[in-house]
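Q: I am still learning to read structures, and I would like a careful walk through this one. Could you settle the overall layout, and then stay with a single part for a close look?

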Amino acid sequence: MSWRTIDRRTVAEEDLGPGLSTAAEDKIRAFLPRYPTKRAALLPALHIAQDAVGYVSLRAMRQIAELLELPPAAVMDVVSFYTHFWTHPKGRKTIVLCRSLTCELMGGGAVLAALEARLGIREHQTTPDGEYSLMTEECLAACEHAPCMLINEKLHKCVRVEDLDRILAEPANDKLDVARSNLFDAPTSDRRAP
Amino acid sequence: MPFERVLMKHVGVPNSTSLAVYQADGGYTGAARALRMKPDELVELVKQANLRGRGGAGFPAGLKWSFLPKDRKITYLCVNADESEPPTFCNRVLIDHDPHMLLEGILIAGYATRTTVAYIYLRGEFMEQFHVLQRALDEAYAAGYFGRNILGSGYDLECYIHRGAGAYICGEETGLIESLEGKRGWPRIKPPFPAVEGLFRQPTVVNNVETLACLPHLLTRGLEWWLGLGTANSKGPKMYCISGPVNRPGCYEAPLGITCRELIYGDDFGGGMRGGKKVKAVFPGGLSMGVLRGDLFPRAPAGTIDPRQDYDELDCVLDFDDVRKYDLLGLGTAAAVVVPEDADMRDVLVNVARFYALESCGQCTHCREGTTWMYKIAQRMRAGAGRLLDLDLLVEISQNMGMMPGMSICGLPDGAAWPVRTAVQKFRREFERRIAEQEPEAARRWTREVNRAAYELPVLQGRETTYVGGTFYQPP
């Protein structure tokens with residue numbers, strides 16, 4: 001087998017991270033009839049992977065690549081473009097703080113500083129207990145309620161520094177209270193902590 | 001005649017997202033009327049109404065539809081719900097309160113363009129809106145407004161929601177198409193325009209949420225009602241957003257053509273500034289469209305408009321034409337953010353420049369490097385190490401990126417250059433004052449912080465340099 005080269009930098013099997021369950025793969029397959037090409041289901045597939053695994057692991061990327069008949073590099077290419085996808089484990093809840101112009105004028109900077117002090121982490125870090133990850137984003141499109149903060153799915157409006165304790169103490173601070181559609185995208189409950 | 005709200009008529013109505021409430025108020029009658037017409041008649045109607053796209057560019061929707069090739073087999077409709085322009089939120093309000101109005105608009109536009117599949121590209125952060133819209137879509141499917149043989153007309157339309165994943169550039173129509181195809185959201189070189197070759201290489205129409213939401217009302221209330229609203233070239237109702245330190249921030253519907261002052265101070269709109277402060281600046285159409293001076297400045301002599309003079313510019317009429325007289329790029333999304341008198345324009349400049357530096361997709365060199373460069377300069381000025389030269393440099397950079405000088409594929413760098421250039425030009429006196437107030441040693445400290453190597457070489461060409469009055473000074 002002299003034509004075969006050995007890639008000594010291939011990621012070790014145990015470093016690939018958790019993979020997708022069969023249920024998650026079925027969920028991805030359910031998206032395929034929506035589009036004329038398989039590749040178009042990539043973004044929904046990545047959303048499903050992030051919901052199921054907690055982040056988009058290398059193993060999940062490979063599985064998605066196989067499902068959608070793409071080179072794994074193409075999947076990674078897309079993952080790295082969108083800020084929503086995490087390529088390393090994140091906390092159970094992700095706090096996304098808006099720092100756009102309106103939120104900054106209305107005191108978003110103070111909220112960010114207070115949040116960093118309270119959680120003891122900086123941006124793009126996770127608390128040691130795996131509960132919260134913190135990141136900032138440009139404009140959550142809720143400027144009339146500035147400054148605003150998104151915890152997983154739930155948008156907290158008009159956040160003031162003195163509200164933070166109350167919001168963080170609430171166990172259901174990331175749950176929406178709207179009636180859900182039970183179609184494909186409903187987030188799965190088997191979300192794992194890192 | 002008082003203006004009657006149509007786009008926002010269900011805001012505040014209990015359970016307004018359900019089909020029953022929407023139908024009770026005449027919902028889907030516009031679509032039923034449309035389905036009895038011929039598709040070409042509909043295109044003609046929208047052309048006559050001069051319905052200009054509400055997403056930012058203001059391109060007439062009817063004209064866009066008429067570019068589709070006549071002999072096409074497949075047509076796709078993409079609904080642009082990737083609302084990421086700060087500080088815009090009118091699409092969110094619309095989907096939150098009246099998803100069926102959007103769906104009816106999709107049905108009408110789909111029929112007019114003979115679309116077979118419609119995709120709603122919803123931004124990834126809109127989780128609540130996703131569930132609201134998906135439930136509304138389920139209801140509409142169950143009631144026979146989507147699917148096969150809609151309302152017995154023999155027309156088939158499938159509609160799917162496609163969630164984005166946090167990229168501003170996916171609001172650009174070809175970026176959106178690329179993203180829908182499962183690629184990075186890199187805008188394509190035009191031509192071919194999406195109407196000829198777009199999604200999956202088929203003719204594609206991309207329309208904004210608000211544009212589509214206008215369609216049911218155009219059909220039920222008729223062309224005359226429509227043409228009676230607005231100014232000469234800008235017809236119809238528009239959702240204006242106002243945010244920042246005003247008394248009543250929010251989304252308000254008005255006929256096109258209210259002034260910026262009304263939007264901030266009108267009792268029906270913003271309701272004046274909090275604490276009676278004055279307005280220093282206002283970004284009237286989303287950040288990309290540029291900035292206006294507020295009433296901190298003296299009023300201009302009656303009947304004159306000169307953006308080069310330091311006059312109050314709040315009398316700018318927010319329609320598709322008048323904004324250009326004030327050196328703005330366009331109406332944009334008509335979402336205003338107000339900067340109060342006590343804010344530092346250097347902070348505003350950093351925030352604006354940062355947004356574009358982070359959201360540039362990185363395809364075109366001028367945009368990728370230019371936005372980052374402007375961000376660095378803005379940061380330097382905020383750190384108290386600005387130079388007078390920087391102001392000219394910012395203007396020069398901003399004039400050398402974008403589609404207008406022909407340096408880029410999409411309009412993002414134009415949108416990045418415009419607010420920076422107008423902010424520097426219109427508030428130059430403030431920036432100059434801030435630079436004059438800087439401590440003499442600030443530049444050195446800044447250099448030491450960001451670039452140690454430079455600090456290790458304090459001697460330029462063998463002579464000690466000092467920082468005086470904004471420039472590096474070498475004693476003879």
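Which domains does the domain assignment of chain A give? After that, please look closely at the side of domain 1 of chain B that touches domain 2 of chain B.

A: It should be said at the start that this is a predicted model, and that the values given below are computed from it. For chain A, the domain assignment gives domain 1, covering residues 14-81, and domain 2, covering residues 93-169. The C-alpha centres of these two domains of chain A are 29 Å apart.

Chain B, where the part you ask about is found, is assigned domain 1 (19-228), domain 2 (234-340) and domain 3 (345-473). Between domain 1 and domain 2 of chain B, the C-alpha centres lie 28 Å apart. The contact between these two domains draws 21 residues from domain 1 of chain B and 21 residues from domain 2 of chain B.

The size of an interface is often given as the accessible area that is lost when the parts come together. For domain 1 and domain 2 of chain B, the area buried between them is about 1700 Å², with 63% of it on carbon and sulfur atoms. On the side of domain 1 of chain B, the residues that lose the most area to domain 2 of chain B are Arg54(B), Pro87(B) and Phe89(B), which together account for 30% of what that side buries.

Turning to polar pairings, we find that 10 residue pairs are in polar contact between domain 1 and domain 2 of chain B, counting pairs with both residues at pLDDT 80 or more. The elements that give two or more residues to the side of domain 1 of chain B facing domain 2 of chain B are helix 5 and helix 9 (209-227) of chain B. Of these, helix 9 of chain B gives the most, with 5 residues. Sorted by class, that side of domain 1 of chain B has 12 nonpolar, 5 polar and 4 charged residues.

Across this interface between the two domains, the rule finds 1 salt bridge. Lys238(B) forms a salt bridge with Glu210(B), and their closest N and O atoms are 3.0 Å apart. Glu210(B) deserves a slower look.

Glu210(B) is found in helix 9 of chain B. Is Glu210(B) buried or exposed? Its relative accessibility is 0%, and because buried means under 20%, Glu210(B) counts as buried. The side chain of Glu210(B) also has a polar atom that lies 2.9 Å from the backbone nitrogen of Met239(B). If the neighbours within four places in sequence are left aside, the residues in contact with Glu210(B) are Leu7(B), Arg54(B), Cys90(B), Asn91(B), Leu94(B), Lys238(B) and Met239(B).

Among those contacts, Cys90(B), Asn91(B) and Leu94(B) are buried residues of helix 5 of chain B, and so are Arg92(B), Val93(B), Ile95(B) and Asp96(B). Because 7 of the 8 residues of helix 5 of chain B are buried, this helix is largely enclosed by the rest of the structure.

Helix 5 of chain B also leads us to the meeting of the two chains. There, 21 residue pairs are in polar contact between chain B and chain A, again with both residues at pLDDT 80 or more. The side of chain B that touches chain A receives two or more residues from each of several elements, including helix 5 (90-97), helix 7 (127-142) and helix 11 (345-359) of chain B. Helix 11 of chain B supplies the largest share of that side, 8 residues. By class, the residues on that side of chain B are 33 nonpolar, 14 polar and 16 charged.

The contact between the chains takes 63 residues from chain B and 44 residues from chain A. Chain B and chain A bury about 4400 Å² between them, 59% of which comes from carbon and sulfur atoms. In chain B, the greatest losses of area to chain A fall on His131(B), Ala165(B) and Arg184(B), together 15% of what that side buries. The rule finds 5 salt bridges across the interface of chain B and chain A. Arg184(B) takes part in a salt bridge with Asp77(A), in which the closest N and O atoms are 3.0 Å apart.

Conventions. Residues numbered from 1 in each chain as written. Chains lettered and ligands numbered in written order. Predicted model: local features only at pLDDT ≥ 70, side-chain atom pairs only at ≥ 80, totals over all residues. Heavy atoms only, no water. Contact = heavy atoms within 4.5 Å. Buried area = accessible area lost by both parts, 1.4 Å probe. Salt bridge = Lys/Arg side-chain N within 4 Å of Asp/Glu carboxyl O. Polar contact = N/O pair within 3.5 Å; in protein donor to acceptor, adjacent residues only side chain to side chain. Helix = DSSP H or I, 4+ residues; strand = E, 2+ residues; numbered from the N terminus. Nonpolar A, V, L, I, M, F, W, Y, C, P; charged D, E, K, R; others polar. Domains from an automatic or database assignment. Buried < 20%, exposed > 50% of the residue type's maximum accessible area, 1.4 Å probe, protein only.
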